[in-house]
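Hi,

Here is the structure I promised to send over. Have a look at it first, and then read on for what I found.

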Amino acid sequence: MTDDRLGDGTRAVRAGLPEPVKYEPTLPGPVFAAHFHLPGEPTGPYTYGRDENPTWTHLERAIGELEAPGEENVETLVFASGMAAISAVLLSQLKTGDAVVLPSDGYQALPLLHEQLRAYGVEVRTAPTGGDAQLSVLDGARLLWIETPSNPGLDVCDIRRLVREAHAAGALVAVDNTLATPLGQRPLALGADFSVASDTKGMTGHGDILLGHVSCRDPRLAAEVRRWRKIVGAIPGPMEAWLAHRSLATLQLRIDRQCSTALTLAKTLAERADVTGLRYPGLPDDPSHTVAARQMRRFGPVVSFELADRKRAERFLEELRLVDDATSFGGVRSTAERRGRWGGDAVAEGFIRFSVGAEDPEDLIADVLRALDEAGSAS
């Protein structure tokens, strides 16, 4: 399906499906195989289960169609988790003596990669996402890693500008697009070399799969990432891949509901005196809105804000009835957490990351307001 004029919903439900065969299912079931019949020379698409799997193929084609509609030269590789996908790009592209620029306010597991990269002799530089601050430490770097919107602070950087400057300096650019998904923004269309995501989050959207992917146009870069996946064996199971493909069919429905409700929630929270530090790129007065509106088609399901202190935040979470106190984001069931409990993010003790699900907006907003009132009365 290469028609780039199709709508997001149409593309999501049709992406990656094979040509119809009489009496066969629309989406073939998962292929459970460690090896395949392989007489003679070991050529062909499927030889061994660590290299390729037909179920991956359908999913990779589907994600590629969402990442770059109408383009047939984009390659997508799926991985066992988002961190497997992130690690594959970084560790396949960097060698001893290289420098890499990473966000200082990105996903909390990135510091683990900092340690590993430094152990390999790679220079790690960091700067915040906001204000395109990573440009200040770009000189001489081999790779620029962007996370926009950043997790959990929701700052946004100008992808086009950073790509232009990085390429002029001879650096590759990878964008962690987890929070936005391809329906929110398309990094490859903005010039990035790699679009990377944890599909554990919004892409699959049900909180029951660990998965990640890397998409890129350059066949040489794709081959290097593919080789890394083969070496470390960071492959998804066929059942996870099949469930992920099935889940993509509702991506547009889920994302539109979540983004709409997230904006309503953000506007509601903006009226509360007990809520500070509110961030949502879709709010017209958010510091990142101007840049986000130029490069994002949807602003994502996550809202962040602060309550007075740890006690107030924990009380708020305890009072919620329609929201799970859980990590991760992008699922059909709303989740929220006091992000400071992990210790890896530079956030206040009362900082809340709230992931909006697919509940009725009126019910969810009422639950949040009641929980805020209860948390305040108990203080």
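**Starting from β2**

Let me begin with how the side chains of β2 are arranged: Ala-99, Val-101 and Pro-103 point one way from the strand, Val-100 and Leu-102 point the other way, and all are buried. Before going further, please keep in mind that this is a predicted model. β2 covers residues 99–103, and with five of its five residues buried the strand is mostly covered.

On one side, β2 pairs with β3 (residues 123–127) in the parallel sense, over five bridges. If you want a spot to check, Leu-102 sits opposite Thr-126 in β3. To get from β2 to β3 the chain goes through helix α4 (residues 110–119), and this β-α-β crossover is right-handed.

β2 also pairs with β4 (residues 143–147), again in the parallel sense, over two bridges. Here Val-101 is the residue standing opposite Leu-144 in β4.

**On to β4 and β5**

Is β4 enclosed or open? Five of its five residues are buried, so the rest of the structure largely encloses this strand. Its side chains split up as follows: Leu-143, Trp-145 and Glu-147 point one way, Leu-144 and Ile-146 the other way, and all of them are buried. Yes, that list does include Glu-147.

β4 pairs with β5 in the parallel sense over five bridges, and Leu-144 stands opposite Val-173 in β5. The chain crosses from β4 through α5 to β5, and this β-α-β crossover is right-handed.

Between α5 (159–168) and β5 there is a loop, and Ala-169 lies in it. Ala-169 has a relative accessibility of 41%, so this residue counts as partly exposed. For a sense of distance, the C-alpha atom of Ala-169 is 33 Å from that of Asp-285, and the two residues are 116 apart along the chain.

**The seven-stranded sheet**

Those strands belong to a bigger picture. What is the strand order in the open sheet of seven strands? Reading across, it goes β1-β7-β6-β5-β4-β2-β3, and the pairing is mixed. β1 (75–79) and β3 are at the edges with a single partner strand each, so each of them has one side without a neighbour in the sheet. From one strand to the next, the twist averages 20°.

Further along that order, β5 (residues 172–176) and β6 (residues 194–198) run parallel and are joined by three bridges. One bridge pair to look at is Val-175 with Ser-195 in β6.

Now for helices on this sheet. α2 (residues 54–67) packs on it and touches β1, β6 and β7 (212–216), with its direction at about 125° to that of β1. α6 (residues 219–232) lies across β1, β5, β6 and β7, and runs at about 15° to β1.

**The five-stranded sheet**

There is also an open sheet of five strands, with the order β8-β9-β12-β11-β10 and mixed pairing. Which strands stand at its edges? They are β8 (276–279) and β10 (324–325); each has a single partner strand, so one side of each is left without a neighbour in the sheet.

At the β10 end, two bridges join β10 to β11 (residues 335–338), and these strands run parallel. Asp-325 has Ala-336 as its bridge partner in β11. Helix α8 (residues 251–269) packs on this sheet, where it touches β8, β9 (302–306) and β12 (351–355), and its direction makes about 15° with that of β9.

**A helix pair**

One last item: α10 and α11. How do they cross? The axes of α10 (residues 310–319) and α11 (residues 361–377) come within 8 Å, and the crossing angle is roughly 135°. The two helices are therefore oblique to each other, and their crossing is right-handed.

In the contact between them, α10 brings Arg-312, Arg-315, Phe-316 and Glu-319. The residues they meet in α11 are Asp-367, Val-368, Arg-370, Ala-371, Leu-372, Glu-374, Ala-375 and Gly-376.

Cheers

Note on methods
Residues are numbered from 1 along each chain as its sequence is written. This is a predicted model: local features need pLDDT of at least 70, side-chain atom pairs count only at pLDDT 80 or more; totals for chains, interfaces and linings use all residues. Side-chain values use heavy atoms; hydrogens and water are left out. Buried means under 20% relative accessible area, exposed over 50%, partly exposed in between (1.4 Å probe, protein chains only). Helices (H or I, at least four residues) and strands (E, at least two) are DSSP runs, numbered from the N terminus. Two strands pair if DSSP finds at least two bridges between them. A crossover is right-handed if, with the strands pointing away from the viewer, the path from the first strand over the helix to the second runs clockwise. Axes are lines fitted to C-alpha atoms, for helices over the stretch in contact, and angles run from 0 to 180 degrees between N-to-C directions. Angles under 35 degrees count as roughly parallel, over 145 as roughly antiparallel, 65 to 115 as roughly perpendicular and the rest as oblique. A crossing is left-handed if the near helix is turned anticlockwise from the far one by less than a right angle, and right-handed if clockwise. Contact means heavy atoms within 4.5 Å.
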